[in-house]
Amino acid sequence: MDNKQIIALFVRNHPGVLLRVTSLISRRGFNIDSLTVSPAGVDGYSRMTIRINGDDNQVSQFINQMMKIVDVKKAQVLPENHMVASELIIIKVAKSDVDTHNEIISLTSSFHASLVNIGENTLTFRASGTPSEIDTLVDELNKYGIIEMARTGIAALESGDARLSAAPAQSNRAL
Amino acid sequence: MKLNGSEIIAECLIEQKVDTVFGYPGGAVLNIYDALYKYSDKITHILSSHEQGASHAADGYARVTGKCGVVIATSGPGATNLVTGLATAMMDSIPVVAITGNVSNDLLARDSFQEVDICGITMPITKHNFIVKHVRQLAPVIRKAFRIAMSGRKGPVLIDITKDVTSAVYDFEPAIPEAPVMPLESTDEEFKSAAAAIKNSKRPVIYMGGGVVSSDAEKQLLEFAEKIDCPVASSVMGLGGFPASHRLFTGTIGMHGGYETGKAIDNADLIIACGARFSDRVAGDRDKFGKSATIIQLDIDKAEINKNVQIDYALIGDLKDTLRKLTDESEAATHDAWVAQVQEWGKNSEVSQTPDSDSYAHPYHVIETVQKYMSAEDIVVTDVGQHQMWVSQKYKFENPRTWCTSGGLGTMGYGMGAAIGAKIAFPDKKVVLFSGDGSFHMNLNELATVRSYSLPIVIIVMNNTVLGMVRQWQKLFYGSRFSQTDPHRKTDFVKLAEAFGVKGMRIHNDGEAESVIKAAFECGEPVVIDCLINPDENVLPMIPPGKTVDDMITEME
């Protein structure tokens, strides 16, 4: 029942705003698997990109609850077929014999992953792509033994000329 | 003009037309209290016995006036003592601004004496909170706090102010407060669709909640209900928002609501929720609630739509506006047979009571006797438990803002503070607090406040010597294993009252009720009435948690 949607928040860059958002996620029991915060390109504002797992009703509850946080100015689902999403992964896998080594190199090159470090017993790759491409890469590399990995979380923008900060304000809010 | 931070606070309060604040002094708010001394001709400060009492007083003041309540407390324990009061206000959407002092900037984040991160602590129980670390932010933050508290769905806002800010000098420019924001979101088409659903309905029911009171929408609701000739059921929070004496009023809905209301909701083909949120205490089994009905929900808070129960038509905006528009769009109708049917069910809603006795008074009899001495504008406050439910069932509320009870959070100990807040707001109205011996024990220290300010509140302690509501659940669902609900307390409430300088009286049985209650109202002083209730008196009817009207319990051994 995986139904993952990406939500973008446009928030006031205040101390504590991340805590307000995560505390709400936790106490309302929303199920998220990625959250990133970055400058929004507008002075005093940040952008949060959150991937949530839930049905349409849960997603609309999520948006409506988020809009009750005073520092959250906009909250929108990014339409699945009309966005650009990407994330970066650095992943360290075990290398064993020569055959596996070659398999791993050929696999990772098909994901445009670059080999960035070679250890005595490990290979470290860096790759970027859509969240699902990264998920697939991780699944594939899992067969060889993942030693550790770090993902940046998702960066996503709606395609075309849309601009979140200029989107009409949801009016479920007082201020 | 140049003012220090504490004077800026006072000026901002005056700007917001605040003339009464509740609170308790302490180290971190010394400067603020110095300013309150200076401004004492413009701002009356009511000193409680404990910050929790002050927070409930600000809440009670807000409920009866419709204005924003204000409470002040010091850092550390002063601030944490506000937590229950803020959570109570949050759950019932009551506008309160809490001002707490904190340690100075140079001592922050060092575990200094009486330092606590009250913003972190209160984040989930306030609409918003602020920490002010620079005096230039002070006036804008206070103005914003009041606007947030009063806008949209109302609620508490906390402002934490470091001590150095309260003494720092800065320019202050007076400003006219900006009006609260009440967005109207729904389109004309949405009102038309909802009106069409109303037109098609043969068996509509209005389910009203605290939003009617919060929005001051009682006139619009009355007009709407009469135009479409629709029975009106109220949540506990909504009481007073529709006259109890009206032929269309069915009483409270939910766990201890009447049989007729439960049957009406169960048989309705349309439920119109007005400022109500389908809480578990109302909806019971939320998947079965109104299962055969179309549901229209009018609310200011979009996040309430589809939260507990799936809604067919949502109308988002201030209830005054949405009800007015919906009334205009709706055709006048009559539902004589349906209204008669609901009234007929009402005849079956008698519940069993314990037999007459010389050693006990009946709660209903006491409530009805009190009501005889109250006008429709006088104010009833309760604590939480059986007595609260008995009052919600029996007392006939005719007007909004005459009823203070902790509906959402269910805060035992709420009543003393709230009654003080209500009486301070309206010295000329009678204020009665119904409490229980359990709840009263929690915050009876506020009797000192009642005496200090000579507040002639009549406090009726329904004393059954047990923690009755929890005990009732143990009787029903835990094989009568009365774990910790029979505390064997030996408190003599009459002597206790006298020790505080308050009159103490006692009602032993129904026969004494009238004369004691009459004397209590006539003496014009604070009174505690110890009213002896049978420990086995139950709150009935009762729909067990998560069940429906078909599972209603109407008698117990």
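These legends accompany close-up views of a predicted model, covering the two domains of chain A and the place where chain A meets chain B.

**View 1. The two domains of chain A.** Start with the overall division: domain 1 of chain A covers 4–77, and domain 2 of chain A covers 84–155. Taken over C-alpha atoms, their centres lie 29 Å apart. Five residues from domain 1 of chain A and six residues from domain 2 of chain A take part in the contact.

**View 2. The area buried between the domains of chain A.** Here about 440 Å² is buried between domain 1 of chain A and domain 2 of chain A, with carbon and sulfur atoms giving 57% of that area. If you are picking residues to display on the domain 1 side, try Ile6(A), Thr36(A) and Arg51(A): they lose the most area to domain 2 of chain A, and together make up 68% of what that side buries.

**View 3. A salt bridge between the domains of chain A.** Zoom in on Arg51(A) and Asp135(A), which form a salt bridge whose closest N and O atoms are 3.9 Å apart. The rule finds one salt bridge across this domain interface, along with two residue pairs in polar contact. On the side of domain 1 of chain A that touches domain 2 of chain A, the elements giving two or more residues are strand E2 (32–39) and strand E3 (45–53) of chain A. By class, that side has one nonpolar, three polar and one charged residues.

**View 4. Chain B against chain A.** Now step across to the other chain: 22 residues of chain B are in contact with 18 residues of chain A. The size of an interface is often given as the accessible area lost when the parts come together. Between chain B and chain A the buried area is about 1,800 Å², and carbon and sulfur atoms give 53% of it.

**View 5. Polar links between chain B and chain A.** Look for Asp301(B) and Lys68(A), whose side chains meet in a salt bridge at 2.5 Å, N to O. The count between the two chains is one salt bridge, and four residue pairs are in polar contact.

**View 6. The side of chain B that touches chain A.** Two elements of chain B, strand E6 (128–132) and helix H7 (135–150), give two or more residues to this side. H7(B) gives the most, with three residues. Sorted by class, the residues on this side of chain B divide into eight nonpolar, six polar and eight charged.

Note on methods. Residues numbered from 1 in each chain as written. Chains lettered and ligands numbered in written order. Predicted model: local features only at pLDDT ≥ 70, side-chain atom pairs only at ≥ 80, totals over all residues. Heavy atoms only, no water. Domains from an automatic or database assignment. Contact = heavy atoms within 4.5 Å. Buried area = accessible area lost by both parts, 1.4 Å probe. Salt bridge = Lys/Arg side-chain N within 4 Å of Asp/Glu carboxyl O. Polar contact = N/O pair within 3.5 Å; in protein donor to acceptor, adjacent residues only side chain to side chain. Helix = DSSP H or I, 4+ residues; strand = E, 2+ residues; numbered from the N terminus. Nonpolar A, V, L, I, M, F, W, Y, C, P; charged D, E, K, R; others polar.
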